[in-house]
Amino acid sequence: MNKLTIDKINSILDKIMEDLYVRSSLDDYYQFDFYFRVVKLGWIIPVGFDGYDFFNKPSVEISDDELIKGFVDFFDINIDLTFLALISLEKDINPSIYKLMCECIDAYKSGLYQICIPALFSITESYLADLSNDGNLSATKYKYGLSSKVKLNHDGEFWGFDVSDDFPEKFAPVCHAIIAFLDKYFCTVDFELFTGLNRHSFAHGRQNYNATKEDVVMLMFVITNIISMYYDVEFSEKE
């Protein structure tokens, strides 16, 4: 190998290292601050999402509205490669859920968001009966069941999760985010006065709210995260 070739290779390696260093100094999407921000907004970070690759800038430079729009764009870009692929895992094991999810995707693509919401809430509860209450279909206290498996802790310096002995630690962030999701969307509300997204108002025909594209995507993220945990699969963002 001649000197020119070696110098070229070294130059390429130096550029790679420089890019990695720049990214490591700017990529804050894996920090708890970003996680807490997403959870506070009522969302769950989608499967396969690489925030820095998607936005090309740190999360602190993105507004909440830009973040949610980015999540929706990410869903639309990856709807076939990631989300339908995840849903298809249920085709043989849970065919009724698979069929309902596919119909929700079709409705979403047609802009029929309102019709998706009760279906997606019911699918979410189907999974929560297993995830939270070990398959006990008569138990509906999902938050209690999940909270017994996953707890957030802070040692004075760092955030982390405590999990029960039989629960995989790598699934703790998603499950803790689902607990926050339940607090926000499964809470008891005054049907006469409440005008937001709520499981109970949709389930009992008391909704006074027009569902949005964002609502559908947010629920899709919850469901596909759970499916991803069940099958222990990971997806990369679409190139």
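Phe71 and Phe221 are both buried (under 20% relative accessible area, with over 50% exposed and partly exposed in between; 1.4 Å probe, protein chains only). This is a predicted model, where local features need pLDDT of at least 70, side-chain atom pairs count only at pLDDT 80 or more, and totals for chains, interfaces and linings use all residues. Residues are numbered from 1 along each chain as its sequence is written, and side-chain values use heavy atoms, leaving out hydrogens and water.

**Exercise 1.** Classify the ring pair of Trp43 and Phe71.

Step 1. Rings of Phe, Tyr and Trp (its six-membered ring) pair if their centres lie within 6.5 Å; planes under 30 degrees apart are stacked, over 60 edge-to-face, the rest tilted. The structure holds 28 aromatic pairs.
Step 2. For Trp43 and Phe71, the centres are 5.5 Å apart and the planes at 35°, a tilted pair.
Step 3. Both Trp43 and Phe71 are buried.

**Exercise 2.** Classify the pair of Phe71 and Phe221, and place both rings in the chain.

Step 1. The centres lie 5.9 Å apart and the planes meet at 85°, so the pair is edge-to-face.
Step 2. Phe71 sits in helix α4 and Phe221 in helix α10 (residues 213-231), so parts 150 residues apart in sequence are tied together. Helices here are DSSP runs (H or I, at least four residues), and strands likewise (E, at least two), numbered from the N terminus.

**Exercise 3.** Count the disulfides.

Step 1. A disulfide needs two cysteine sulfur atoms within 2.5 Å.
Step 2. The count is 0. For Cys116, the nearest cysteine sulfur belongs to Cys104, 4.8 Å away.
Step 3. Cys116 counts as buried, at 1% relative accessibility.
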